[in-house]
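Hi everyone, thanks for coming. I'd like to walk you through one structure today, starting with charged side chains and then moving on to a sheet. Let me put it up on the screen.

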Amino acid sequence: MKKKLLGVLLSVVLASSLITGCQSQKEETQAPAQEETKEPEKEAQDAEPKAQEQTEVQEPAKDDETATYADLTLTDAEKESVKGMTIGVSYCLLSAPAVKVFAQGIQAEAQELGITLVELDGNFDATTQANQMSELIAQGVDAIVLNPSDGTSLVAAAKEAHDAGIPVVTGAMNIDASGAGYIETFVGPDDEDAGFCGGEAMVEHLKDGGKVAVIEGTAGSSAQVNRTAGFERALEGSNLEVVAKISADYDEATAMNTMQDLLTRYPDLAGVFCHDDTMASGAAQALKELGYTGGEVIIVGYGGSAAGAKLIEEGYMVASAVQPLVEEGRGCIKALVKALNGEELNGWYKDVIVPLDADTLKTYDKSLLW
């Protein structure tokens, strides 16, 4: 397969949706955050996608910056070619709500194509997932979807499958750069796109300008850096001023305390962008406890969760940038079909991030809320 250098990725939220869904997941450390951002703890596991650098640098059919699920449309011949094949899937934590939604996409696409799935739950343990990869290889599956709980520890497992001639696609979260040559592609989010979507929503709802803050994920992680960068890029040319950027580590209680502190320091605060819906829930709880009604200080989140949808209905959150987990799952299967047919793949097929708001929520499929 021809490969291209992968960019810095995004947010098990898992995406961060996936990050939050897996709950205990931590992120890779890169650069310090601004203002009162806390120092990150040393991580034992890293399930966040990292900056990927392919070992085989060749020109793909399309640029990674523009490739999305639309570029994975299957021909009738490709669909016919995989009927009766078996694809193994190792999930990071199948009991996590976000991962369940991701699995829906994998299952639906496989069923439509007549593919048999062997689905395994990694229980958010890299050793378990590595053993599962070995089991799938021994069973002679035709291809594997890997939803890694640890980007570094599972490189060897990806190499084992690669050496056995079994194509691997990573979905929702990626493995470390050292394993880039062992996978066909990554299907998942660009955190800067997620931040930009959140920023656009903020600008739309605060046309008169004002002071805004960012409640960030794990300090120094790629998700923290890129989501904030995308958010600030969307604010360029507006009358909005970012007065604070503070890490709350994807924790609801920490986000609630952070929001209370922000409101004390900036009583004229107009809005806050939270790096995931879990922290948005904490921020909204702070508003409720302090007697604010929905709309006085607007909140924008990320993830497309059931909790976020409820906050939108209540008026406390105006939008949540949605990580399309079902489409990620479908995209993983489609990418493997193309790989099995010898087709050239991009190194990265990005999510199309769209906002979930009061209008779109009316017709949104509630089964997709994690």
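So, look at K207 first: K207 makes a salt bridge with E204, and their closest N and O atoms are 2.9 Å apart. Before I go on, keep in mind that this is a predicted model. Side chains of opposite charge can pair when their charged atoms come close.

Are these two buried or exposed? K207 counts as exposed because its relative accessibility is 58%, and the cut-off is over 50%. E204 has a relative accessible area of 47%, so E204 is only called partly exposed.

Okay, how many salt bridges does the structure hold? There are 14. I'll show you a few others.

Take R330 and E112, whose side chains meet in a salt bridge at 2.8 Å, N to O. What I like here is that the pair links distant parts of the chain: R330 sits in helix α11, residues 325-340, E112 sits in helix α3, residues 97-113, and they are 218 residues apart. R330 is buried, at 17% relative accessible area, whereas E112 is exposed, at 54%.

Next up, D191 and R227. Their side chains form a salt bridge too, 2.5 Å from N to O. This pair also connects distant parts of the chain, with D191 in helix α6 (residues 191-205) and R227 in helix α7 (residues 222-235), 36 residues apart. Both D191 and R227 are buried.

And salt bridges can be shared: E78, K338 and E343 are linked in a network of them.

Now, let's switch to the sheet. In what order do its six strands come? Reading across, you get β7-β6-β8-β9-β10-β12, in an open sheet with mixed pairing. At the edges you find β7 (240-247) and β12 (354-357), each pairing on one side only. On average, neighbouring strands are turned by 20° against each other, ignoring direction.

Zoom in on β9 (residues 298-303) and β10 (residues 317-322): those two run parallel and are joined by five bridges. If you want a spot to click on, I299 stands opposite M317 in β10.

Some helices pack on this sheet as well. Helix α9, residues 277-289, touches β6 (210-216), β8 (269-274), β9 and β10, and its direction makes about 160° with that of β9. Then there's helix α10, residues 306-314, which touches β10 and β12, with its direction at about 150° to that of β10.

That's my tour, thanks for listening!

Key. Residues are numbered from 1 along each chain as its sequence is written. This is a predicted model: local features need pLDDT of at least 70, side-chain atom pairs count only at pLDDT 80 or more; totals for chains, interfaces and linings use all residues. Side-chain values use heavy atoms; hydrogens and water are left out. A salt bridge is a side-chain nitrogen of Lys or Arg within 4 Å of a carboxyl oxygen of Asp or Glu. Helices (H or I, at least four residues) and strands (E, at least two) are DSSP runs, numbered from the N terminus. Buried means under 20% relative accessible area, exposed over 50%, partly exposed in between (1.4 Å probe, protein chains only). Two strands pair if DSSP finds at least two bridges between them. Axes are lines fitted to C-alpha atoms, for helices over the stretch in contact, and angles run from 0 to 180 degrees between N-to-C directions. Contact means heavy atoms within 4.5 Å.
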